[in-house]
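Work through the following exercises with the sequence and the model open. Each task is followed by a solution in steps.

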Amino acid sequence: MEFAQPQWLFLLILVPLYGLWQWLRRQATPGLTFSNLRAARDAPRGPRVYAVILPSLLRMGALTLCVLALARPQVREVTQERYAEGVDIVLVLDTSTSMRAEDFRPNRFEAAREVASEFIAGRVSDRVGLIVFAAKAYTQAPLTLDYAFLQRMLEEVEVGVIQDGTAIGTALATAVNRLKDTPAESKVIILLTDGQNNRGEIDPVTASEVAATLGVRVYAIGVGTYGEAPFVFDRPFGGRQRQMVPVEIDEDMLRSIARGTGGQYFRATDEQALREIYEQIGDLEKTQIETRIYTDYEERYVRFLWPGLLLILIEVLLKTTLLRRFP
């Protein structure tokens with residue numbers, strides 16, 4: 001609750017001043033003169049003796065309530081309506097076995113999944129879908145605003161479930177197919193991979209040309225350090241063995257894909273760099289949100305005014321009946 005005219009609250013200082021004035025006035029009012037007050041002093045006092053101050057207390061309460069009513073207490077109810085034109089985003093995640101390389105912590109795939117999860121959590125009104133690929137591409141989650149569902153689908157993704165390989169062109173074509181009929185004005189693919197296109201029937205450049213024709217921007221991310229990266233192999237008879245393997249990312253192809261669709265290419269050599277890349281893409285594809293605020297005020301002065309008037313009425317009744325004074 002708030003007051004529309006709080007300046008009237010300064011009148012509340014008059015309430016204790018009125019009480020003081022009433023007390024001083026009562027002390028100065030002369031009564032009857034007796035030669036000896038011993039008998040009256042020892043006599044028992046009834047309720048009427050203590051009720052003498054009741055009219056003054058009622059008047060002070062009435063003044064307090066009337067001043068509060070004069071300050072116009074009111075309750076403010078605020079309603080917000082948000083209008084947003086969202087972006088349709090498809091995350092395309094490489095799940096080939098090379099994503100187990102440990103140049104990221106704990107490995108490339110786990111780092112990519114964690115950062116993608118953070119990216120999803122930061123969206124407001126964008127529809128986001130998820131496609132995973134290795135030798136083939138599959139839709140893990142269609143475009144949706146249910147981010148909790150999307151997070152669950154992302155958690156279920158594992159490396160090695162799909163036949164090994166890197167079908168970048170097929171993955172791009174699958175993502176474009178998901179976006180081609182959507183009504184969104186802004187359509188985006190975020191492609192993350194650590195290798196070269198070596199599987200699939202569709203060439204990545206051809207898929208990117210189709211994306212450009214349909215107005216789909218591709219942001220390509222190459223993940224992996226420069227040179228060599230540690231990789232753990234499961235040997236049939238030798239157990240798990242760590243070996244350094246060369247990092248082979250077809251940056252020229254990824255750069256061509258991104259440039260041809262109006263997007264950008266990024267290289268992430270560690271998890272922090274990957275996180276910064278997703279943040280940069282998020283800033284580039286930020287949703288414009290329009291907020292309309294409606295404020296409704298409900299006056300509550302009546303809740304103070306009527307009780308104040310009731311106290312005045314009770315005071316008048318008491319002073320003219322039970323507490324009536326005779327000269």
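A residue lines a cavity if it has an atom within 4 Å of a point of that cavity, and a cavity is a set of grid points where a 1.4 Å probe fits but cannot get out. Strands are DSSP runs, numbered from the N terminus. The model is predicted.

**Exercise 1. Place β3 in its sheet.**

Task: Find the order of the strands in the open sheet of six strands, and its edge strands.

Step 1. The order is β5-β4-β3-β6-β7-β10, and the pairing is mixed.

Step 2. At the edges are β5 (137–144) and β10 (265–268), each of which pairs on one side only.

Step 3. On average, neighbouring strands of this sheet are turned by 15° against each other, direction ignored.

**Exercise 2. Describe the pairing of β3.**

Task: How many bridges join β3 to β4, and how many join β3 to β6?

Step 1. Strand β4 (residues 127–133) runs parallel to β3 and is joined to it by seven bridges. Isoleucine 89 stands opposite valine 128 in β4, and aspartate 94 stands opposite phenylalanine 133 in β4.

Step 2. Between β3 and β4 the chain passes through helix α5 (residues 108–121), in a β-α-β crossover that is right-handed.

Step 3. With strand β6 (residues 187–193), β3 pairs in the parallel sense over six bridges. Here isoleucine 89 has valine 188 of β6 as its bridge partner.

**Exercise 3. Judge the burial of β3.**

Task: Are the residues on the two faces of β3 buried or exposed?

Step 1. The cut-off for buried is under 20% relative accessible area. Seven of the seven residues of β3 (residues 88–94) are buried.

Step 2. Side chains in a regular strand alternate between the two faces of the sheet.

Step 3. One side of β3 carries Asp88, Val90, Val92 and Asp94, the other Ile89, Leu91 and Leu93, and all are buried. Both faces are therefore covered, with buried taken as under 20% relative accessible area.

**Exercise 4. Analyse the largest cavity.**

Task: Which element gives the largest share of the lining of the largest cavity?

Step 1. There is one cavity of 30 Å³ or more. The largest cavity has a volume of about 50 Å³.

Step 2. Its lining consists of Leu91, Val92, Leu93, Ala116, Leu130, Leu154, Ile190, Leu192 and Tyr278.

Step 3. At least two lining residues come from each of β3 and β6. The largest share, three residues, comes from β3.

Step 4. By class, the lining has nine nonpolar residues, no polar and no charged ones.

Key. Residues numbered from 1 in each chain as written. Predicted model: local features only at pLDDT ≥ 70, side-chain atom pairs only at ≥ 80, totals over all residues. Heavy atoms only, no water. Buried < 20%, exposed > 50% of the residue type's maximum accessible area, 1.4 Å probe, protein only. Helix = DSSP H or I, 4+ residues; strand = E, 2+ residues; numbered from the N terminus. Pairing = 2+ DSSP bridges. Right-handed = clockwise from strand over helix to strand, strands pointing away. 1 Å grid on protein atoms, 1.4 Å probe; cavity = no way out; pocket = protein on both sides within 12 Å on 5 of 7 lines; lining within 4 Å. Points joined across faces, edges and corners; volume = space filled by probe spheres on them. Nonpolar A, V, L, I, M, F, W, Y, C, P; charged D, E, K, R; others polar. Axes fitted to C-alpha atoms, helices over the stretch in contact; angles between N-to-C directions.
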